[in-house]
Amino acid sequence: MKDVMILTGAGQIGMAIARRMGYGKKIVVGDKSLEKAQAAADSMKDTGFDTAAVEMDLSSRDSIMNFLEEARKYGEISMLVNAAGVSPSQAPVETILKVDLYGTAVLLEEVGKIIREGGAGVTISSQSGWRMPALTPEEDELLAVTPAEELLGLPMLQPENIRDTLHAYQMAKRCNEKRVMAEAVKWGRRRARINDIAPGIIVTPLAVDEFSGPRGDFYKNMFANCPAGRPGTPDEVANVAELLMSEKGVFITGSTVLIDGGATASYFYGPLHPGKNPSAF
Ligand SMILES: NC(=O)c1ccc[n+]([C@@H]2O[C@H](COP(=O)([O-])OP(=O)(O)OC[C@H]3O[C@@H](n4cnc5c(N)ncnc54)[C@H](O)[C@@H]3O)[C@@H](O)[C@H]2O)c1
């Protein structure tokens, strides 16, 4: 038996983190597409990692439970990397809420019950949630602690209150941040830690879909006018994950770390401010 890292989402961000932190572990990759999970598992295997692939749908509790059961056949789960998700240009409102919001909530809750003592996890939200205005303290609390099965019934998440897929995505990512805070308290009972990374534009197939989607010009303008002047790479996200998941980060839990080349800073106080650059919106 081995220490197990579970990776949900066989995309580029997830794989970069798995390659950084998964050495010496069994890495069990779950993705809605078994083909993608298998391709990621094979490519990591080719560079010395011990991997297995499982079909897993993050929007389904049964599928998540099956995935965890499969992973535990290899040993105790000591690391979680949740990098499965759909972007505003990839899916309708209902799917975004089911995968990015509900599925993440279920996964964090269930892994928190079985993670090895001292284990660590990261989930991936987005800078997008940071541009949405603040919610009320009551709304934040509802997103943080409502039982996962009741989340999608909250009035603020009903179709009449969600403007479009971008709004659904922002609500989902805001919810991820709040859930991580609430879950960190529970994970702490096992001296385990859970944190969140909010990336800006990171070049992956998901981002490339966004570049060619209806908000393509907005995104291209965003990275051209952020302090870094370029989009980020999955390996730069892995640098943050390494801090959060390693011994160096043992005092960090319940946190969200923004890594966006300064795009959010520029959105509030620089050239990306909507008032200063209306053409970007
Ligand atoms: N790339 C970016 O610019 C960026 C920016 C901010 C946040 N993010 C977030 O990072 C995470 C990873 O994105 P990425 O850029 O690596 O994308 P990606 O498209 O490379 O990977 C996402 C993976 O999730 C899988 N997936 C989709 N729906 C699923 C479901 N229901 N169950 C299981 N798997 C499912 C896809 O098949 C895909 O393999 C996402 O949550 C995304 O919202 C990405």
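Q: Hi! Which helices each supply at least two residues of the shell around the ligand?
A: Hello! Those are α1, residues 12-21, and α9, residues 205-211. Do keep in mind that this is a predicted model.

Q: Noted. How many residues surround the ligand, and which are the closest?
A: The ligand has 30 residues around it. Gly11, Ala84, Gly85, Thr204 and Leu206 are the closest.

Q: And how does that shell divide into nonpolar, polar and charged?
A: Of the residues in the shell around the ligand, 15 are nonpolar, 11 are polar and four are charged.

Q: Let's move to the sheet. What is the order of its strands?
A: The order is β3-β2-β1-β4-β5-β6-β7, so to speak from one edge to the other. These seven strands make an open sheet, and their pairing is parallel.

Q: Which strands stand at the edges?
A: β3 and β7 (256-259) do. Each has a single partner strand, so one side of each lacks a neighbour in the sheet.

Q: How much is the twist from one strand to the next?
A: The twist averages 20° between one strand and the next.

Q: Can we zoom in on β2 and β3? Over how many bridges do they pair?
A: Six bridges join β2 (residues 26-31) to β3 (residues 50-55), in the parallel sense. Among the partners, Lys26 is matched with Asp50 in β3, and Val29 with Ala53 in β3.

Q: How does the chain cross from β2 to β3?
A: The chain goes through helix α2, residues 34-45, on the way from β2 to β3. This β-α-β crossover is right-handed.

Q: Back to α1, then. At what angle do α1 and α11 pack?
A: The angle between α1 and α11 (residues 234-245) is about 50°, and their axes are 8 Å apart. The two helices are therefore oblique to each other. As for handedness, α1 passes α11 in a right-handed crossing.

Q: What about α4 and α8, how do their axes cross?
A: The axes of α4 (residues 93-114) and α8 (residues 165-187) cross at roughly 5° and come within 9 Å. With that angle, α4 and α8 are therefore roughly parallel to each other.

Q: Which classes of residue are in the contact of α4 with α8?
A: That contact has 13 nonpolar residues, along with four polar and six charged ones.

Q: Last one: how far apart are the axes of α6 and α8?
A: The axes of α6 (residues 137-145) and α8 are 7 Å apart, and these helices pack at an angle of about 70°. That makes α6 roughly perpendicular to α8. The crossing in which α6 passes α8 is right-handed.

Key. Residues are numbered from 1 along each chain as its sequence is written. This is a predicted model: local features need pLDDT of at least 70, side-chain atom pairs count only at pLDDT 80 or more; totals for chains, interfaces and linings use all residues. A residue is near a molecule or strand if its C-beta atom, placed from the backbone, lies within 6 Å of it. Helices (H or I, at least four residues) and strands (E, at least two) are DSSP runs, numbered from the N terminus. Ala, Val, Leu, Ile, Met, Phe, Trp, Tyr, Cys and Pro count as nonpolar, Asp, Glu, Lys and Arg as charged, and the others, Gly among them, as polar. Axes are lines fitted to C-alpha atoms, for helices over the stretch in contact, and angles run from 0 to 180 degrees between N-to-C directions. Angles under 35 degrees count as roughly parallel, over 145 as roughly antiparallel, 65 to 115 as roughly perpendicular and the rest as oblique. Two strands pair if DSSP finds at least two bridges between them. A crossover is right-handed if, with the strands pointing away from the viewer, the path from the first strand over the helix to the second runs clockwise. A crossing is left-handed if the near helix is turned anticlockwise from the far one by less than a right angle, and right-handed if clockwise.
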